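Welcome, and thanks for taking a look at this protein with us. Here is a short briefing to help you find your way around.

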Amino acid sequence: MALPVAEWQGRTARLWAALDPALRERLAAASLHDAVRLGCELLRTEEEEEAALARLCRRVRTDKEPEAAGWYREQGNREFGRCRYQAALRLYSKAASHELPGSPEVSVCFANRSAALFHLGHYEVCLEDIARAESHGYPDRLLPKVLLRKAECLLCLGRLQDAQDTLGALERKIAVDGLVASPTHQTLLKKLNQLKVKLCEKEKCPEPAREAHGGIQGKSEIWEENDTISGASSSLSLSFDAKRGRHLVASRDIVPGQSLLREEAFVSVLCPGESLPLPLQDGERAWDTGATNADLYCHRCLRQLLAGVPCQGCSYAKYCSQDCAEVAWQQYHRTECPLGALLLTLGIFCHVALRTVLLAGFAEVSRLVGWSHSGDEDLQNPEGRCKCPSEAPGVGAGATGIPGCDSRGQYQSSYQALFHLLPHTEQHSPEHKFLCTLSVVVLCKQLEAAGLGAAVFDQESPQQGSKPKACEKTSDELSPELKTVAEAMLRHVLQLQCNAQAITVMQELGPGDGAVVNKKPVRLATAFFPVLSLLNHSCCPNTSVSFSGTAATVRASQPIPSGQEVLHCYGPHQSRMRVAERQQLLSQYFFECRCQACLEELESGVKSVVSIRNSFCCPKCQAQMQGEEDTLCCSNEACAASASRESLSCRLQDLQQQIKKALDLLRVGKADQAIKMLLKCQMDAGNFLSPEHLLMGEMEDHLAQVYATLGKWQEAARHLKKSIEVVKMHHGPSSVETGHELFKLAQILFNGFAVSEALSTIQRAEGILSVHFGPQNAQIRELQEMKACLSELPRNILQRT
């Protein structure tokens, strides 16, 4: 959710409508500095609005709740008893995030989670959780079974001496404590003796070291960094003109797959996901057992979490390691921690804006805000921004005359470059600008009320785990320093509409335990990338952008001759949307797209390939239906059939619902019923959809998925090949979509032991995916592992297949 919750948007809209027309006019024309001042004055008399926001914040709970922790732990125990260790792992993590740090209860959560990790085979992480349990005061009476689990982990990892030391410590503890003749202790002793025997066997006959496959690590990329643009290839140059603004141009011929830019996000904020715990109407609480981004990824580096380290102050933030938790606390979370509910209520853009100023530091924020007051006209005028303000060297356009460059003419991935991204203050609607202003001002007032000014101004702050006082009554006036912070934050919120970059990740669909893994890209975080923001949009781009944690990599997806602009797609791609839909979506960026794809569709009158391929066909003769009005006519003159567009659209919606039901059947293990339903859907679709319709390809893909679940590899491959043909027609033979489909086909052929065809498909998939993602991509490494495995088969088997 980029913007605040709907209720807060509604309140600000009603407040805007009730304002005196003269005040509305002043606010609409106000500079960022004046907007903050007027917003402060307005909220001073509108205490009801802040009270309403406080009520909205109470719907989102980010504090520690021992009651919730106990409930999650019970649910985890239940799932563990059913041998559903992955579900138990998630629930124990939720329990740990709600327990108070250092309490015996949190140590039990870590110990329980270590048991789930052990059964899932994550032995190293299991040992980390055991250490956490011990450091948090795990009950002494329960320690023997944890030591036993620790010894088992060490044995599985081949750390024999450590395992022996742990077993020795366990024996000494049993001897000191004395044994009670109970079944539990008898089981413990039996398991201890079994482990001692296993240890002796391993010491006598150590397992041979496994040989690593050569070439699995991937090829290293040749990289020559640009002298003036940080993180960019020397094949690029920075240009500026009034029409295109700052942009990147190829300074030499570029080949597909060539890495052009590598940049770490200046700031990134994890998108929380949809399901947050909400109170029921009767006052009872319901805690969500589902996993969202907030549960699955580190809140700092965005690595996937297996056993997260919870923040000691709130239940929301989780990290991949103690190091990440401590760095986040020092850099920004010490300020954000007590404001978690408010930040989730005000939306991701406000959160990114706050974290941006915290990472930049108050001195740098104050310097640039002060400079902007003397250069407001230049900031609003693209041509004026070419000028370098001589009175403030190192702040404006720099030696190159290009905004954002430093005094040496270099464009860095810095706060200065970020600050110079256009806020488009004059082009935002007055209502939107008002919403952003009030949201930023109320956030800064809560910063002041919570006693967080010291952290914002780079001064002393509380230690991790000791939270400042909660936000209750706010002060009537912001300090001058916080007004400066508010102005910078308002600038960044407005910038984000055009410059927010979604960090995406390929996420598995379903449980992820099948032989064929189906994935889709999901939005993981929102970030500022100052250098990546130099790339202008095209609906037919010549680059691909991929992410690893908080780092972005841009690669050429097609040949780019010297002198051609390097272009990135902001979302609306010509293969996915008609030109009218693309133009409507791009209006948020305050420009009219005139890329090659748009010009061809707009000026030549050529019908979009999306419209042609995703068209309806005649129910009688299967020829294409055509027409711009509600009534569509068959393109076959001999047929002359007609049909209502509305009726065909309703038929398409019904078909999509049937496909969804079929997939639901597959999820509950009813594969045979899913096949019957999908085959019926396929037959129905053939009566009114074009054979090239994207949904026809999706049904083939779903059938391949079901047959793969049943281990019918030949049938699965047959359907997936048909899906690939449709995907190629829509997205192109070298598109990333085709690459993902070929990857799935390689998995099916590999599992079906179709060696020769599998090797050929692996090569095709690897060639496409390496262009878009580079040689270190996880899918490419998996393809290489499959290829190495198949290549080791005996020659006579390879010849037969």
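**A first tour**

The protein has 32 helices and 17 strands. Please keep in mind that what you see is a predicted model. Of its 801 residues, 52% are buried. The stops below go from the whole protein to one small sheet, one histidine and some of the empty spaces.

**The protein as a whole**

- The accessible surface adds up to about 37,300 Å², and carbon and sulfur atoms account for 50% of that surface.
- Take the contacts between residues at least 6 apart in sequence: 65% of them join residues at least 24 apart.

**A three-stranded sheet**

- Strands S15, S16 and S17 form an open sheet in that order, with antiparallel pairing.
- Strand S15 (625-626) and strand S17 (642-644) are the edge strands; each has a single partner strand, so one side of each has no neighbour in the sheet.
- As a general point, the strands of a sheet pair through backbone hydrogen bonds, in either a parallel or an antiparallel way.
- S15 is joined to strand S16 (residues 631-634) over 2 bridges in the antiparallel sense, and here Met625 sits opposite Cys634 of S16.
- Between S15 and S16 the hairpin has 4 residues, and in this hairpin Gly627 takes a positive phi near 135°.
- On the other side of the pairing list, S16 and S17 are antiparallel over 3 bridges, and Thr631 has Ser644 in S17 as its bridge partner.
- Side chains alternate along S16: Leu632 and Cys634 point to one face and are buried, whereas Thr631 and Cys633 point to the other face and are not buried.
- Helix H25 (residues 645-667) lies across S16 and S17, and runs at about 65° to S17.

**A closer look at His98**

- You can find His98 in helix H6, which covers residues 85-98.
- Is His98 buried or exposed? His98 has a relative accessible area of 7%, and because buried means under 20%, His98 counts as buried.
- Which residues is His98 in contact with, leaving aside its neighbours within four places in sequence? They are Asp63, Lys64, Glu65, Pro66, Ala68, Ala69, Tyr72 and Ser315.

**Cavities**

- The count comes to 7 cavities of 30 Å³ or more.
- The second largest cavity has a volume of about 160 Å³.
- This cavity is lined by 17 residues, and those closest to its centre are Tyr316, His333, Glu336, His351 and Arg355.
- Strand S4 (267-270), helix H13 (322-336), helix H14 (340-346) and helix H15 (348-360) are the elements that each give two or more residues to the lining of this second largest cavity.

**The second largest pocket**

- The volume of the second largest pocket is about 1,200 Å³.
- Its lining has 42 residues, and Lys243, Arg244, Asn536, His537 and Phe591 lie nearest the centre of the pocket.
- Two or more residues of this lining come from each of strand S2 (245-250), helix H17 (376-380), helix H21 (480-499), strand S11 (536-537) and helix H23 (596-603).
- Which element gives the largest share of the lining of the second largest pocket? That is H23, with 3 residues.

Technical notes:
Residues numbered from 1 in each chain as written. Predicted model: local features only at pLDDT ≥ 70, side-chain atom pairs only at ≥ 80, totals over all residues. Heavy atoms only, no water. Buried < 20%, exposed > 50% of the residue type's maximum accessible area, 1.4 Å probe, protein only. Contact = heavy atoms within 4.5 Å. Pairing = 2+ DSSP bridges. Axes fitted to C-alpha atoms, helices over the stretch in contact; angles between N-to-C directions. Areas by Shrake-Rupley, 256 points an atom, 1.4 Å probe, with all protein chains shown as cover. 1 Å grid on protein atoms, 1.4 Å probe; cavity = no way out; pocket = protein on both sides within 12 Å on 5 of 7 lines; lining within 4 Å. Points joined across faces, edges and corners; volume = space filled by probe spheres on them.
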